[in-house]
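This report follows a few local features of a predicted model, starting from a single side chain and moving on to strand pairing, a covalent link and confidence.

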Amino acid sequence: MLLTTLFKKLTTLVTIALLAIGASFVHVELVLAASLTSLSNTQSSVQQSTLSDHTIQFVTPTGLTAGQTITITFPAGYTMGTFNVNNLDLATSTSATCSGFSDAQLQAGAASALTWGTSQSSQTITLTSGTAVIPANRCIQIQIGSNATFGATGVSQITNPGTPGTYEITIAGTFGDTGSISTYIVPDDTVSMTGTVQQSLTFTISTTTIYFGNLSSGGAKFASSTNTAGDSAETIAHTLAISTNAPFGFAITVRGDTLTSQQNSLNTITAIGAVAASSTPGTEQFAIRATESGGTGVTVDDTYRFSTSYGFDASSSTPSLFATGSGVTNTSTLSLRYLANVAGITEAGIYAANLTYVATANF
């Protein structure tokens with residue numbers, strides 16, 4: 001009897017032990033979430049208390065099936081502002097490489113078929129799949145702020161914390177994979193610098209002495225820098241060269257009187273004037289013609305620029321606008337021709353003129 005009782009007790013203990021062991025086997029089976037890889041968060045600014053866009057990227061080892069969610073939780077300190085679906089873009093790549101993204105359709109509230117639902121609660125933004133899936137080992141990109149431009153452009157941004165330091169953004173959701181991204185907020189992320197480009201203006205006159213030689217009513221004469229007798233055919237007497245980095249260009253003026261007798265200052269050779277005219281031998285004429293080369297935005301004034309006409313409307317007291325530049329220019333060369341014609345009754349004498357050219361930059 002005693003042996004029978006002991007046998008029954010032992011049998012009962014073994015049974016209880018086996019049941020306990022069986023129960024322990026049930027609890028050993030655990031589901032572990034995978035860790036997200038290639039996590040990054042590119043901000044438009046990391047300065048404290050400053051509005052910033054966020055471009056968050058990560059690779060999901062597990063992927064995402066229909067109905068699952070992705071959550072992005074910003075730590076305390078970030079000011080999320082008013083939620084608007086236009087502030088979000090969701091895109092996926094075709095591989096684990098974070099490039100070649102395809103954007104998904106989003107809407108506020110619940111998901112609908114392939115259109116993802118979006119919402120925000122406190123510091124957490126949630127994106128919910130309807131029927132959309134994301135295969136394993138794909139890169140996911142979520143843009144938050146004015147950088148979200150698919151369908152509509154974002155209307156607001158998230159404000160960075162007011163205290164510098166490290167902050168951790170958490171990625172999670174029912175799709176199972178998890179991860180976090182650290183960012184560092186600084187007092188000021190902008191480096192201010194200055195530099196000065198010195199003003200520059202160069203102006204040269206190739207020669208300051210030119211000659212007409214003997215003037216006759218029988219034909220026009222043109223001043224020359226190399227022939228003291230002047231030339232009967234049009235020739236370039238000298239050049240003006242100018243260059244400047246003035247943003248608003250330059251102006252060149254000419255000031256001086258027409259050819260005037262050195263024996264009697266009342267005797268002059270009449271200048272053609274502001275309206276250019278062709279050379280007419282036998283009629284008193286003094287004038288200039290110029291052409292320009294090499295410059296940018298340089299214009300010779302109408303009095304002096306026509307190909308077969310000449311003009312001169314300056315005096316010793318009143319300068320005449322000769323050429324202008326609209327902005328910065330490399331070396332601009334102005335080639336000048338001087339014309340003199342006299343009449344049969346032009347008073348004899350030695351005639352001379354002194355012309356002053358002035359270049360003024362507009363900085």
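The side chain of T303 reaches the backbone oxygen of A274, at 2.9 Å. T303 belongs to the loop that runs between β21 (298-300) and β22 (310-312), and in this predicted model its relative accessible area is 5%, so T303 is classed as buried, the cut-off being under 20%. When neighbours within four places in sequence are set aside, the residues in contact with T303 are G273, A274, A276, I288, Y310, G311, F312 and D313; A274 thus appears both in this list of contacts and as the residue whose backbone oxygen the T303 side chain reaches.

A second region of interest is strand β5, which spans residues 88-92 and is largely enclosed by the rest of the structure, because four of its five residues are buried. Strand β5 pairs with strand β10 (residues 138-144) in the antiparallel sense, over five bridges, and within that pairing T92 stands opposite I140 of β10. Strand β5 is also joined to strand β6 (residues 102-103), again antiparallel, by two bridges, with D103 of β6 as the bridge partner of A91.

The model contains one disulfide, formed by C98 and C139, whose sulfur atoms lie 2.0 Å apart. This pair links distant parts of the chain, since C98 sits in the loop between β5 and β6 while C139 is in strand β10, 41 residues away. With 95 degrees about the S-S bond, the link of C98 and C139 is right-handed. The accessibility of the two cysteines is set beside that of T303 below.

| Residue | Relative accessible area | Class |
|---|---|---|
| T303 | 5% | buried |
| C98 | 27% | partly exposed |
| C139 | 0% | buried |

C98, at 27% relative accessible area, is therefore partly exposed, whereas C139, at 0% relative accessibility, counts as buried.

How far can the coordinates be trusted along the chain? The protein averages a pLDDT of 92, and 91% of the residues score at least 70. Over residues 1-31, however, pLDDT stays under 50, and for this stretch the model has zero contacts beyond four places in sequence. Where pLDDT is low, the predicted coordinates should not be read in detail.

Terms used: Residues numbered from 1 in each chain as written. Predicted model: local features only at pLDDT ≥ 70, side-chain atom pairs only at ≥ 80, totals over all residues. Heavy atoms only, no water. Buried < 20%, exposed > 50% of the residue type's maximum accessible area, 1.4 Å probe, protein only. Polar contact = N/O pair within 3.5 Å; in protein donor to acceptor, adjacent residues only side chain to side chain. Contact = heavy atoms within 4.5 Å. pLDDT = per-residue confidence, 0-100. Pairing = 2+ DSSP bridges. Disulfide = S-S within 2.5 Å.
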